[in-house]
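Colleague: Please take a close look at one part of this model for me. I would like to hear how the helices pack there.

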Amino acid sequence: MAFIVNSKIQIQDLTNMFPFTKYSKIYYAVSGILILAAIASLIVFGLKFGIEFTGGSTMEVDFTSHRPSNEAISKALAEFSLGDIVVQPTGSNGVVLQFKGIDEATHQKVLTKLQALAPLQEKSFQYIGPSVGQDLKNKTEIAILLALVSITFYIAFAFRKISRPVSSWKYGITSLVALFHDVLIPVGVFSLLGHFLNVEITIPIIAALLTILGFSVHDTIVIFDRIRENILRRGVKSFDETVDWSLNQTIGRSISTVVTVLLVMFSLFFFGGETLKYFSLALIIGITSGAYSSIFIASPLLVSWQKWSEKRLAKR
Amino acid sequence: MLRKYFLLINSNNVQQKYIIFIGIIILALFAGNFAYPNYFNKGVDFLNGKFHWTLPHFWEKPYVLGLDLQGGVDLTYQADLSTVSDKGAAMSGLRDVIERRVNLFGVSEPVVQIQGQDKLLVELPGVKDVQSAIQMIGQTPYLEFDEQRDPKETQTILDKIKEVQDAQAKKQDISKIKDWQLALQNPYFKPTELTGKYLSKATVAFDQTTFKPQIQLQFNSDGAKLFENITARNIKKPLAIFLDGYSIIDTNGDGKIDNSDLYAPIIQDKITGGTAVITGDMSVQTANDIARRLNSGALPVKIGNPISQETVGPLLGAVSLQQSLLAGIFGLLAVVVFMIVFYRLPGLLASISLVIYVALTLSIFKLVPVTLTLAGIGGFILSIGMAVDANILIFARMKEEIKQGKSLSVAINEGFSRAWPSIRDSNLNSIIICIILFLVSTSFIKGFAVTLLLGIIVSLFSAIFITRILLMVFIGQRLEKFKWLL
C-alpha cells in the first residue's frame with residue numbers, strides 16, 4: 001500500500017468548497033417541518049391498508065363498450081349483500097371494485113350480474129380471508145423489525161474501527177435518525193394519498209419501504225466512509241471542515257447514484273402499469289429523501305452532536 | 001480476499017488483460033443470445049435459407065413467468081388438522097391428493113406447495129374454469145376397494161362402451177341409448193362397500209427375511225368384517241384400490257395417472273381380524289407413496305374453501321409484462337444516456353458493462369430458473385439503476401486520482417481499490433435487507449427480493465470485473481493525451 005503513504009501529503013484546495021455544515025439549522029428546519037407534517041397526517045388520516053392486510057375481495061373489470069355509472073354498479077350488486085362497495089374507475093373503461101370477502105360461487109354471480117349491465121372482460125379477482133390478512137400483518141412487522149435491527153448492527157460493525165474524535169456509535173445513531181426520516185416522509189405522503197386519492201398501503205409499497213431502508217443506509221455509509229478515510233488521512237484539524245470536505249468529495253457520486261435510480265423508477269412510474277406505479281412512487285420519494293438526508297441530515301447532525309459534546313466537556 | 005484479486009490482475013501484464021477481455025466478450029455474446037435468442041435465430045434462418053446450410057438455432061429456454069404475468073389462479077387453503085395426530089404426514093398426504101387432482105386439469109406446470117404448518121398453496125396457470133377447479137380441489141379424498149366383475153358383466157359394459165362410441169362417431173344423441181350410463185363404469189371392476197372410512201391406517205414395514213418393503217393395512221372392526229367377506233369371495237382374484245376414481249399409483253410408469261393405470265394386488269386367502277399386508281416387488285418410494293395415499297383416504301383432511309384467492313386474466317398478465325418490459329428498456333436507455341453525458345468514455349464503458357450485466361442477469365433468471373413476477377421485474381429494474389452505482393463510485397475516485405496528477409493506469413487501479421470498501425459496505429447492507437425480505441414474507445416480496453439480490457451480486461461482479469477490464473483495455477497509454485474524455 002505504497003500509495004497511501006504518498007497521498008498523506010496532499011494539498012487540497014479548500015476555497016471552492018461548499019460549507020455544507022454551516023447551514024445545518026436550515027436543513028433541520030426543513031426536515032423538522034416535513035417530519036411533523038408526516039406525523040400529523042398519520043395521526044389525523046392514518047394509513048389506508050389494502051385488502052391483503054384487512055381481508056376482503058377486489059375485482060377489476062374492463063367494460064368493452066361503455067362504463068356504467070358507479071351508482072348503477074353499486075345498485076346492481078346490492079342484492080349480494082357485499083358490505084360497503086367501493087367502485088373506482090380506472091383507465092378508459094375499467095372499474096376496480098372492492099367489497100367484503102366472497103367465495104368463488106358468489107364471485108361468478110357478481111360477474112354475471114355485471115355482464116348484464118354492460119359487456120365486460122374480467123382482468124383480475126382477489127379474495128383475502130381475514131386470517132391471511134392478520135398473518136401478513138404479523139409477518140410484515142417482523143420483517144420491518146428484523147431489518148431495523150440488522151441495519152443497526154451492521155452500521156455498528158462497519159464503523160467499529162473509528163473512535164476518534166467521534167465514537168462509532170454516534171455514526172450508527174445518526175444514520176438511524178436519517179433512516180427514520182427517509183421512511184417517515186414516504187409513509188406520510190402515502191397517508192395523504194390514502195386519504196385524498198384512496199391509495200392503499202399494499203405489499204408492493206411495503207417492499208419499497210424496506211428497500212428504502214437499505215438504500216438510505218447505503219448512501220449514508222458512502223459518505224461516512226469518506227469521513228472516516230479523511231480523518232485517518234488528514235488527521236483531525238477541525239471535524240466540521242473534514243465533514244464538509246468529505247461531502248464535497250462525495251456529492252457528485254451521491255447525485256449521480258440518485259439520478260440513475262430515479263431514472264429507472266420514473267420510467268417504471270410512467271410506463272410500468274398500475275401494480276408497480278405506487279411501488280415506484282414510494283421508491284422515488286424514499287430515495288430522494290434518502291439522498292437528501294445523508295447529505296443534509298446525517299452528516300451535519302454528526303457535526304452538531306460533536307460540537308455539543310465538546311461544549312459540554314469544556315463547561316466541566 | 002478481493003484485495004488479492006486486485007493484485008492478481010496486473011495492468012502491465014498485457015497478455016492476461018486481453019485474454020480476460022476476450023473471455024468477457026464471449027461470455028457477453030453467449031449471455032445476450034441466451035437471454036434473447038431471436039436475433040441469432042433469425043440470422044441463422046436467413047443464412048440457412050440463402051445458402052442451404054443447416055446451422056442450429058441457439059439454445060431456447062423460456063423464462064418462467066409467475067401467475068400475475070401469464071394469467072391463472074393462485075389459491076391458498078388452510079387444512080383442518082384438529083382431528084389428526086401426525087400433522088406433517090397428513091399435510092403431505094393432502095398435498096399428494098391435491099397434486100393428483102390438479103394434474104387432471106391439464107394446465108401446464110401447476111404448483112402445489114405446503115406453507116407453514118397447515119397451509120396449502122395451489123397455483124394453476126392459465127386455468128379457465130376457476131369455479132370447477134375450486135370445487136374439485138375442495139372435495140374430500142375418496143378411497144375405494146373394488147372387486148373384479150364377472151366376465152358377463154364386463155362384456156356387457158364393453159359392448160355398451162362400443163355402442164356409445166359408435167354413436168358419438170356418428171354424432172348421434174347418446175342419451176337415447178338404453179342404459180348409456182353403464183358405459184361410464186369401469187368394465188373390469190365394481191365398487192365394494194369397503195371404502196376409506198373403514199381403514200384405520202396404512203404403514204410401511206419391511207419383510208423380516210427379504211427386507212423388501214410391504215404395506216400393512218389396519219381396518220376398524222366394521223371394516224374387518226367387510227374385508228373378511230370380500231376376501232372370502234375373491235380368493236386368488238385382484239382387489240383394485242382407487243383414489244378419487246383413479247388408480248392409487250402410476251403403475252405403467254408413464255409419469256401420470258389415468259385409466260391405463262391399475263393397482264390391484266391379488267388376494268391370497270380369506271383374511272380375518274382386519275389386518276392385511278400387501279407384498280410385492282416395489283421400491284421403498286412406491287410403498288411410501290401408496291401408504292400415504294391410503295392414509296389420506298382413511299383420515300381425510302378437510303380443506304374447504306380457499307382462504308385467499310387471486311385470479312389474473314390472461315389479458316392483464318400479458319399487458320403487465322409488456323408494460324414492465326417497456327419501462328425496463330426506457331430506464332436502461334435513460335441510464336446509458338446519463339452515464340455517457342456525465343462520465344464520457346468511462347461512462348460509455350460502464351454502459352457497455354451495464355448492458356452485459358442485464359444480459360447476464362436475465363441468463364441467470366433463465367438458468368436457475370427464477371420465476372419472474374411483476375414484483376421480480378420491478379426489483380430487476382431497480383437493480384439496473386443501482387448497478388451503475390459501483391461504477392460511479394469508482395469513476396469519482398479515478399477522477400480524483402487523475403486530478404492529483406497520477407498516470408491513467410495508476411488512477412484506474414487506485415480508483416478501484418479505494419472505492420471498494422464503500423461498495424462492499426453499502427452492497428452488503430442491501431444484501432442483508434434482501435435476505436430478510438426473502439425469509440419473512442409473501443410471494444410478492446420474495447419475487448422482488450430474489451431478483452434484487454441476484455441483481456446486486458451480478459452488478460458487483462460486472463462493476464469490479466467487466467468495467468475494470470474494459471477500462472484497462474480501452475484506456476491505455478494512447479489516451480494519456482486525451483484526459484478530457486475521462
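Modeller: Here is a walk along one helix and its two partners, with a short look at a cavity at the end. Keep in mind that this is a predicted model.

Start with helix α7 of chain A, residues 168-197. Helix α6 of chain A, residues 130-158, packs against α7(A) at an angle of about 145°. Their axes are 9 Å apart. The crossing of α6(A) and α7(A) is right-handed. From α6(A), the contact uses A:Leu148, A:Ile151, A:Thr152 and A:Ile155. From α7(A) come A:Tyr171, A:Gly172, A:Ser175, A:Leu176 and A:Leu179. Six of these residues are nonpolar, three are polar and none is charged.

Now the other partner. Helix α2 of chain A spans residues 24-44, and its axis comes within 8 Å of that of α7(A). The two cross at roughly 45°, so α2(A) and α7(A) are oblique to each other. This crossing is left-handed. On the α2(A) side sit A:Ser31, A:Leu34, A:Ile35, A:Ala38, A:Ile39, A:Ser41 and A:Leu42. They meet A:His181, A:Leu184, A:Ile185, A:Val187, A:Gly188, A:Ser191 and A:Leu192 of α7(A). The class count for this contact is nine nonpolar, five polar and no charged residues.

Last, the cavity. The whole structure holds five cavities of 30 Å³ or more. The largest has about 90 Å³ of space. Its lining includes A:Arg226, A:Arg253, B:Arg397 and B:Arg418. Two or more lining residues come from each of α8 and α9 of chain A and α11 and α12 of chain B. By class, the lining has four nonpolar, three polar and four charged residues.

Key
Residues are numbered from 1 along each chain as its sequence is written. Chains are lettered from A and ligands numbered from 1 in the order in which they are written. This is a predicted model: local features need pLDDT of at least 70, side-chain atom pairs count only at pLDDT 80 or more; totals for chains, interfaces and linings use all residues. Side-chain values use heavy atoms; hydrogens and water are left out. Axes are lines fitted to C-alpha atoms, for helices over the stretch in contact, and angles run from 0 to 180 degrees between N-to-C directions. Helices (H or I, at least four residues) and strands (E, at least two) are DSSP runs, numbered from the N terminus. A crossing is left-handed if the near helix is turned anticlockwise from the far one by less than a right angle, and right-handed if clockwise. Contact means heavy atoms within 4.5 Å. Ala, Val, Leu, Ile, Met, Phe, Trp, Tyr, Cys and Pro count as nonpolar, Asp, Glu, Lys and Arg as charged, and the others, Gly among them, as polar. Angles under 35 degrees count as roughly parallel, over 145 as roughly antiparallel, 65 to 115 as roughly perpendicular and the rest as oblique. On a 1 Å grid over the protein atoms alone, a cavity is a set of points where a 1.4 Å probe fits but cannot get out, and a pocket is an open set with protein on both sides within 12 Å along at least five of seven lines; lining residues have an atom within 4 Å of a point. Grid points are joined across faces, edges and corners, and a volume is the space filled by probe spheres set on the points.
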